[in-house]
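Grab a viewer and work through these exercises with the model open. Each one has a task and then a worked solution.

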Amino acid sequence: TVSLLQRLLDTGRVTEVGKVLLIDPSIAMVSLAEKTVRAAFPDLRIETANSRIQDVSGGIDHHFDLAISSLAFHHMPLEQKRIQLSNLKHRIDHFALFELDANSDTPERYSPDLALSVYQSFGCIIDRIFLHDARWRWPLPTWTGS
């Protein structure tokens with residue numbers, strides 16, 4: 001967020017950043033985001049909400065030129081996504097939505113479609129874990145202390 005805002009300012013795409021609203025269900029994530037934004041923009045008005053987007057989308061009463069969302073919608077059923085995005089559409093001019101590239105909305109439980117969706121979402125992570133050579137030997141050596 002800081003990098004994007006700084007780039008928009010540096011290139012003249014925006015002349016000022018008036019306010020930032022940070023929303024996350026994790027207190028630690030909201031705190032870290034606020035600290036990071038505050039360090040880059042000390043005089044900026046920052047509001048925080050320790051909540052899920054679906055719990056606050058209907059109550060946002062400000063207009064925003066830009067919203068950035070990362071991994072906030074992929075877990076919602078399709079109908080909930082429609083409701084939440086409908087709540088936000090009149091409050092946001094431009095919406096950058098970063099989500100998993102998988103079909104999490106409609107696959108039946110235990111279906112091949114769901115297996116493919118999970119692999120599309122997490123396969124590269126799982127692959128990297130199994131490709132890592134930790135060079136451990138089994139059994140692991142024991143520590144005897146001194």
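**Exercise 1.** Which helices and strands each supply at least two residues of the lining of the largest pocket?

Solution. Keep in mind that this is a predicted model.
- Start with the helices: helix 1 (2-10), helix 2 (27-40) and helix 3 each reach that mark.
- Now the strands: strand 1 (19-24), strand 3 and strand 4 (92-98) do so too.
- Next, rank the contributions: strand 3 gives the largest share, with 7 residues.
- Then find the middle: of 44 lining residues, Thr 1, Leu 21, Leu 22, Ala 67 and Ile 68 sit closest to the pocket's centre.
- Finish with size and character: the space comes to about 1300 Å³, and the lining splits into 27 nonpolar, 10 polar and 7 charged residues.

**Exercise 2.** Work out how strand 3 and strand 4 are arranged and connected.

Solution.
- Check the pairing: the two strands run parallel, over 6 bridges.
- Pick out a facing pair: Ser 70 is opposite Phe 98 of strand 4.
- Trace the chain: from strand 3 it goes through helix 4 (residues 78-89) to strand 4, making a right-handed β-α-β crossover.

**Exercise 3.** Which residues make up the largest nonpolar core?

Solution.
- List the members: the 10 residues are Ile 53, Val 56, Ile 60, Phe 64, Ala 67, Ala 72, Phe 73, Met 76, Leu 88 and Ile 92.
- Map them onto elements: helix 3 (53-56) and strand 3 (64-70) supply at least two core residues each.
- Look elsewhere: a separate core has 8 residues, including Val 2, Val 37, Phe 41 and Ile 46.
- Cross-check with Exercise 1: Ala 67 belongs to the largest core and is also among the residues closest to the pocket's centre.

Methods
Residues numbered from 1 in each chain as written. Predicted model: local features only at pLDDT ≥ 70, side-chain atom pairs only at ≥ 80, totals over all residues. Heavy atoms only, no water. Core = buried A, V, L, I, M, F, W, Y, C linked by side-chain atoms within 4.5 Å. Buried < 20%, exposed > 50% of the residue type's maximum accessible area, 1.4 Å probe, protein only. Helix = DSSP H or I, 4+ residues; strand = E, 2+ residues; numbered from the N terminus. 1 Å grid on protein atoms, 1.4 Å probe; cavity = no way out; pocket = protein on both sides within 12 Å on 5 of 7 lines; lining within 4 Å. Points joined across faces, edges and corners; volume = space filled by probe spheres on them. Nonpolar A, V, L, I, M, F, W, Y, C, P; charged D, E, K, R; others polar. Pairing = 2+ DSSP bridges. Right-handed = clockwise from strand over helix to strand, strands pointing away.
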